[in-house]
Amino acid sequence: MPEIVVKYDNKVIERIVTEKKRISIGRTNDNDVVLENRGVSRKHAMIEFNNNAAVVMDNESLNGTFVNSRKITEEILRDEDIITIGKYQLIYHSDSSQETDEGANFDGTMVLNTKAQKKLVENDRKDREVVERYGGSVLVAQENADFS
């Protein structure tokens, strides 16, 4: 069964193993995965599971959903993918292994204005510009970089 490991500030706060076909992620208690932070929308995202595959979908959240630092609307998950929602990281494991911030109860979603969020959005914008300009991904190397 797939496992989702929820981390906040690099600390594991929850491990989720479920047989459900769909789990919801958001700030309110009616979600399967509750992320108590104002940077998380009430109904932020969902993950659907079927036939050994998982797909994460953003629910048009204000601050976005990122997979491996790339902003997505919908993405097929691979083992060890990192989903970033607000200040949380959710690590997807295709098979479960046997191995907090207390948000206030506000109605609106707080817009994240952190350096990390700005960097994610800026990098995503640059990546999209490259794809639009050149019609696909481009591998860029740094001058005098040591790849050994």
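How exposed is Lys43, in terms of relative accessible area? Lys43 is partly exposed, at 41%. Keep in mind as we go that the structure above is a predicted model.

Let's stay with Lys43 for a moment and look at its partner. Its side chain meets the side chain of Asp30 in a salt bridge, with 3.0 Å from N to O. To find Lys43, look in the loop between strand 4 (33-34) and strand 5 (45-50); Asp30 sits in the loop between strand 3 (22-26) and strand 4, so this pair ties together parts that are 13 residues apart in sequence. Asp30 itself is exposed, having a relative accessible area of 51%. As a general background to such pairs, side chains of opposite charge can pair when their charged atoms come close.

This pairing has company: a search of the whole structure finds nine salt bridges. Two further examples take us to helix 1, which covers residues 115-134. Here the side chains of Arg125 and Glu122 meet in a salt bridge, at 2.3 Å from N to O. The two residues are three apart in the helix, so about one helical turn separates them. Arg125 also forms a salt bridge with Glu129, and the closest N and O atoms of that pair are 2.2 Å apart. Glu129 and Arg125 are four residues apart in helix 1, again about one turn of the helix. Through the partners that these salt bridges share, Glu122, Arg125 and Glu129 are joined into one network.

How open to the surroundings are the members of this network? Glu122 is partly exposed, with a relative accessible area of 29%. Arg125 counts as partly exposed too, at 36% relative accessibility, and Glu129 falls into the partly exposed class at 44%.

Now let's turn to a glutamate in another setting. Glu75 lies in strand 9, which runs over residues 74-76. Is Glu75 buried or exposed? With a relative accessibility of 15%, Glu75 counts as buried, because buried means under 20%. Its side chain makes a polar contact with the side chain of Arg70, at 2.9 Å. Arg70 turns up again when we ask what surrounds Glu75: setting aside neighbours within four places in sequence, Glu75 is in contact with Ala54, Val55, Val56, Val67 and Arg70.

If you would like to trace these places yourself, begin at the loop that holds Lys43, move on to Arg125 in helix 1, and finish at Glu75 in strand 9.

Conventions. Residues numbered from 1 in each chain as written. Predicted model: local features only at pLDDT ≥ 70, side-chain atom pairs only at ≥ 80, totals over all residues. Heavy atoms only, no water. Buried < 20%, exposed > 50% of the residue type's maximum accessible area, 1.4 Å probe, protein only. Polar contact = N/O pair within 3.5 Å; in protein donor to acceptor, adjacent residues only side chain to side chain. Contact = heavy atoms within 4.5 Å. Salt bridge = Lys/Arg side-chain N within 4 Å of Asp/Glu carboxyl O.
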